[in-house]
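Here are some short exercises to work through with the model open beside you. Try each task by yourself before you read its solution.

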Amino acid sequence: MSSSATKPPKPAVPPPLEVINPGALGRLVKQWVRGEVPIPKDDDLETFRQQLIEFGAGVKTEPLAFKRLRIITHRADELVLRLPPLEMVEEHEARLKAGASYNLPKFYGDVTADGAQPDASSDDKILFDDARIGDYTIGNCA
């Protein structure tokens with residue numbers, strides 16, 4: 001490829017997928033891994049959406065705004081690092097620097113960590129975001 005070739009445009013960042021009941025989503029995930037409910041196949045966003053609704057997780061935002069779906073299962077003895085897309089990191093940091101609140105799901109309760117409060121400085125919000133991305137990337141939640 002020549003140096004004069006243009007890069008493809010960055011994909012648009014859809015609104016974050018929000019469910020109404022994260023606990024119900026967690027129970028659905030457990031049913032997937034136990035084999036009690038079929039895991040949606042890659043790119044089957046409609047089945048995923050219907051399962052969210054059927055199992056009581058509900059949707060605040062449409063998963064159909066996304067173009068792809070990948071559900072990855074790994075072994076307990078594997079460390080999987082899930083990296084966020086550059087576009088999402090840049091868009092989220094820009095919102096935080098512009099004064100947006102750091103939106104945490106309600107089940108977190110009253111988080112007292114610097115940067116989690118709506119009136120925190122944009123620098124503290126970015127530091128909190130760095131820590132959450134680091135924790136999310138390395139966390140092997142079960």
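**Exercise 1. Find the salt bridge that joins Glu62 to Arg49, and state where each partner sits.**

Step 1. In this predicted model, the side chains of Glu62 and Arg49 come together in a salt bridge, at 2.7 Å from N to O.

Step 2. Now place the partners: Glu62 belongs to the loop between α2 and α3, while Arg49 is part of helix α2. They are 13 residues apart, and the pair links distant parts of the chain.

Step 3. Check the cover on each partner. Glu62 has a relative accessible area of 35%, so it is partly exposed. Arg49 has a relative accessibility of 19% and therefore counts as buried, because the cut-off for buried is under 20%.

**Exercise 2. Which residues are linked with Arg49 in a network of salt bridges?**

Step 1. Look along helix α2, where both Glu46 and Arg49 lie. Three residues separate them, which is about one turn of the helix.

Step 2. Check the distance: the closest N and O atoms of Glu46 and Arg49 are 3.8 Å apart, and the two form a salt bridge. The cut-off for such a contact is within 4 Å.

Step 3. Add the exposure of the acidic partner. Glu46 is at 37% relative accessibility, so it counts as partly exposed.

Step 4. Put the pieces together: Glu46 and Glu62 are linked with Arg49 in a network of salt bridges.

**Exercise 3. How many salt bridges does the structure hold, and which loops does the one between Asp43 and Arg68 link?**

Step 1. The total for the structure is five salt bridges.

Step 2. One of them is formed by Asp43 and Arg68, with 2.9 Å between the closest N and O atoms. This pair links distant parts of the chain, 25 residues apart: Asp43 is in the loop between α1 (22-34) and α2, and Arg68 is in the loop between α2 and α3.

Step 3. Compare each partner with the cut-offs. Arg68 has a relative accessible area of 53% and is therefore exposed, since exposed means over 50%. Asp43, at 39%, counts as partly exposed.

**Exercise 4. What is the sign of phi at Asp43?**

Step 1. Begin with the general expectation: most residues other than glycine have a negative phi.

Step 2. Then read the backbone angle. Asp43 is not a glycine, yet its phi is positive, about 70°.

Step 3. Recall the setting: Asp43 lies in the loop between α1 and α2.

Step 4. Ile39 is also placed in the loop between α1 and α2. At 35% relative accessibility, Ile39 counts as partly exposed. Its C-alpha atom is separated by 12 Å from that of Leu52, 13 residues apart along the chain.

**Exercise 5. Which residues make the nonpolar surface patch of about 440 Å²?**

Step 1. The patch is made by Leu79, Leu81, Leu83 and Ile138.

Step 2. Take Leu79 as the worked case. Leu79 is in the loop between α2 (45-54) and α3 (86-97).

Step 3. Its relative accessibility is 58%, so Leu79 counts as exposed.

Step 4. For another residue of the loop between α2 and α3, turn to Lys60. Lys60 counts as exposed because its relative accessibility is 54%. From Lys60 to Ala98, 38 residues apart along the chain, the C-alpha atoms are separated by 24 Å.

**Exercise 6. Which residues lie closest to the centre of the second largest pocket?**

Step 1. The second largest pocket holds about 190 Å³ of space. Its lining is made of 13 residues, and the closest to the centre are Tyr102, Leu104, Pro105, Gly109 and Ala116.

Step 2. Sort the lining by class: seven residues are nonpolar, four are polar and two are charged.

**Exercise 7. How many helices and strands does the chain have?**

Step 1. Count the elements: there are four helices and zero strands. In sequence order, the pattern reads α-α-α-α.

Step 2. Take the overall dimensions. The C-alpha trace spans about 50 × 45 × 35 Å along its principal axes.

Step 3. Finish with burial: of the 142 residues in the chain, 20% are buried.

Conventions: Residues numbered from 1 in each chain as written. Predicted model: local features only at pLDDT ≥ 70, side-chain atom pairs only at ≥ 80, totals over all residues. Heavy atoms only, no water. Patch = residues over 30% accessible without salt bridge, like charges linked within 9 Å, V, L, I, M, F, W, Y side chains within 5 Å. Areas by Shrake-Rupley, 256 points an atom, 1.4 Å probe, with all protein chains shown as cover. Helix = DSSP H or I, 4+ residues; strand = E, 2+ residues; numbered from the N terminus. Buried < 20%, exposed > 50% of the residue type's maximum accessible area, 1.4 Å probe, protein only. 1 Å grid on protein atoms, 1.4 Å probe; cavity = no way out; pocket = protein on both sides within 12 Å on 5 of 7 lines; lining within 4 Å. Points joined across faces, edges and corners; volume = space filled by probe spheres on them. Nonpolar A, V, L, I, M, F, W, Y, C, P; charged D, E, K, R; others polar.
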